[in-house]
Amino acid sequence: MMTETQVNYVRSIGPGLRSEGGLIRYPCGISTDDSSNIYVAFGPAGWVDKLDQQGKFLMGIGLGEGKWYKKVGKLGSPTGVAIDKSGNIYIADIKLDCIVKFNSQGHFMTYIGQSGTGDGEFNRPRSVHIDATGCLWVVDAYNHRIQKLDPEGKPLFKFGSKGVEDGNFNDPSDLTFDQSGGIYITDSGNARVQKFDIEGKFILKFGKRGAGVGEIGSPRCIAIDGEHRLFIVDVWNNRVEVFDAMGNFLISFGGSDKMGGQLNQPYGIAITREKMVLLTDNQNHRILVFTYI
């Protein structure tokens, strides 16, 4: 087990005004592109911002195009965002019950999916991710399952159902891929993380509800670094917990740290190539930046 992991608070982006006058309010999911630009979903506000590495506003996405009474591509409540190799932007919208696709310039392209329980249908899709082949993996939270779609949005397969047994979910929130194709999923309602192979076969689980060392109150988003360490956002305990690939606890950070990095209902997390941790601090209306070794 790795014990030398260290995380240090660097700075915050927000709260306050963006360059064009909009407020940073209730940030949710966060992601980066190949140029290390930052994409942040503002669920209650109904749009996604693109920022540079320093937090300077570059573009707003999902405000709608066209006349005020017939806007195309207007987001409802976005909570997750992913960017493909071509720069296209995919946004999980829990109000519209679909994935909304935009091009690299932020122009609306298409809706993927609709409300329902069938293949390719969603009930509060909380996050979306893109694998090495360009396929979409959607955390279909209120259907308690994961769905895989091809790059055009055609359903390929799904796994999971509501319950507490291995392979079941209760309101899952997020997922991340390891370098060997394993998938770690935050099973929020069951206060645990589960690992599956690329075909959806259960491998292992870890986590126990609580506020103690290595316990998880409510796991929200998850990210993995190059050393196979898992960074898990624990909303209830206002912290991030770090585990190794087998689920052994390493460290936690956040909580009531008065020196910087204090959290109030953290939500999304992303790890950059530069070994920076980006964390959305939802109720404090800001993005926090950490470094780690």
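The following paragraphs lead the reader through two sheets, one loop residue and one pocket of this structure. The model is a predicted one, and residue numbers count from 1 along the chain as its sequence is written.

A convenient starting point is the sheet to which strand β1 belongs. Four strands make up this open sheet, in the order β1-β26-β25-β24, and their pairing is antiparallel. Its edges are held by β1 (7–13) and β24 (266–271); each has a single partner strand, so one side of each is left without a neighbour in the sheet. On average, and with direction ignored, neighbouring strands of this sheet are turned by 25° against each other. The partner of β1 is strand β26, residues 286–292, to which β1 is joined by 6 bridges in an antiparallel run. Within this pairing, Ser 12 stands opposite Leu 288 of β26.

A second open sheet can be read in a similar manner. It contains 4 strands in the order β16-β17-β18-β19, again with antiparallel pairing. Here β16 (172–177) and β19 (202–206) occupy the edges, and because each has a single partner strand, one side of each lacks a neighbour in the sheet. The average turn between neighbouring strands of this sheet is 20°, direction ignored. Strand β18, which covers residues 192–196, runs antiparallel to β19 and is joined to β19 by 4 bridges. One residue pair shows the register: Val 193 has Phe 206 in β19 as its bridge partner.

The loop between β15 (155–159) and β16 contains Asp 171. What does the side chain of Asp 171 make a polar contact with? The side chain of Asp 171 meets the side chain of Arg 126 in a polar contact of 2.4 Å. When neighbours within four places in sequence are left aside, the residues in contact with Asp 171 are Arg 126, Ala 141, Tyr 142, His 144, Ser 188 and Gly 189.

The last feature is a pocket. In general, empty space left between atoms is revealed by rolling a probe the size of a water molecule over them. The second largest pocket of this model holds about 160 Å³ of space. Its lining is formed by Arg 11, Thr 32, Ser 36, Ile 38, Gln 53, Gln 54, Thr 272, Glu 274, Met 276, Leu 278 and Val 289. Sorted by class, this lining comprises 4 nonpolar, 5 polar and 2 charged residues. The pocket also leads back to the sheet described at the outset: Arg 11 and Val 289 are among the lining residues, β1 spans residues 7–13, and β26 spans residues 286–292.

Notes:
Predicted model: local features only at pLDDT ≥ 70, side-chain atom pairs only at ≥ 80, totals over all residues. Heavy atoms only, no water. 1 Å grid on protein atoms, 1.4 Å probe; cavity = no way out; pocket = protein on both sides within 12 Å on 5 of 7 lines; lining within 4 Å. Points joined across faces, edges and corners; volume = space filled by probe spheres on them. Nonpolar A, V, L, I, M, F, W, Y, C, P; charged D, E, K, R; others polar. Pairing = 2+ DSSP bridges. Helix = DSSP H or I, 4+ residues; strand = E, 2+ residues; numbered from the N terminus. Axes fitted to C-alpha atoms, helices over the stretch in contact; angles between N-to-C directions. Polar contact = N/O pair within 3.5 Å; in protein donor to acceptor, adjacent residues only side chain to side chain. Contact = heavy atoms within 4.5 Å.
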